[in-house]
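Here are my notes on the model, as numbered points. Please read them with the structure open.

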Amino acid sequence: LGGGSMELVGITGQQIGAQSTLPIGPLRLTELARKGGNTRMRTLVRDALRGVEWLRKGRYPTFYAVGG
């Protein structure tokens, strides 16, 4: 996790697969929660995750959030 973003990386065995950068880092989420409450924060996270096609399709049963 970075300040404003989060990286998702699909893993199969020991192989790195698909990767996505999402605008849902802890600093960004904290700012949204402070300004607009939890509803805006949850909406941003939900929409960001829904936009990751490889995650929706379940291509990688395991993924790791890594710093950026």
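1. At 30% relative accessibility, E31 counts as partly exposed. The reason is the cut-offs: buried means under 20%, and exposed means over 50%, so 30% falls in between. Keep in mind throughout that this is a predicted model.

2. What does E31 pair with? Its side chain meets that of K35 in a salt bridge, 3.4 Å from N to O. Both residues sit in helix 1, which covers residues 26–50. They are four residues apart, about one turn of the helix.

3. Is K35 buried or exposed? K35 counts as exposed, because its relative accessibility is 61% and the cut-off for exposed is over 50%. Its partner E31, at 30%, is partly exposed.

4. How many salt bridges does the structure hold? The total is four. The E31 and K35 pair is one of them. As general background, side chains of opposite charge can pair when their charged atoms come close.

5. R46 and D47 form another salt bridge. Their closest N and O atoms are 3.7 Å apart. The cut-off is within 4 Å, so this pair counts. R46 is partly exposed, with a relative accessible area of 37%. D47 is also partly exposed, at 43% relative accessibility.

6. E53 and K57 make a further salt bridge through their side chains, at 2.7 Å from N to O. E53 counts as partly exposed, at 42% relative accessibility. K57 counts as exposed, at 56%. Salt bridges with shared partners also join E31, R34 and K35 into one network.

7. Now the strands. Strand 1 runs over residues 6–12 and is mostly covered. Five of its seven residues are buried. For comparison on the helix side, K35 is exposed at 61%.

8. How do strand 1 and strand 2 pair, parallel or antiparallel? The sense is antiparallel, over six bridges. Strand 2 covers residues 15–22. To find the register, start at M6: this residue stands opposite L22 in strand 2.

9. Look last at the turn. Strand 1 and strand 2 form a hairpin, with two residues between them. G13 lies in that turn. The phi of G13 is positive, at about 65 degrees.

Note on methods: Residues are numbered from 1 along each chain as its sequence is written. This is a predicted model: local features need pLDDT of at least 70, side-chain atom pairs count only at pLDDT 80 or more; totals for chains, interfaces and linings use all residues. Side-chain values use heavy atoms; hydrogens and water are left out. Buried means under 20% relative accessible area, exposed over 50%, partly exposed in between (1.4 Å probe, protein chains only). Two strands pair if DSSP finds at least two bridges between them.
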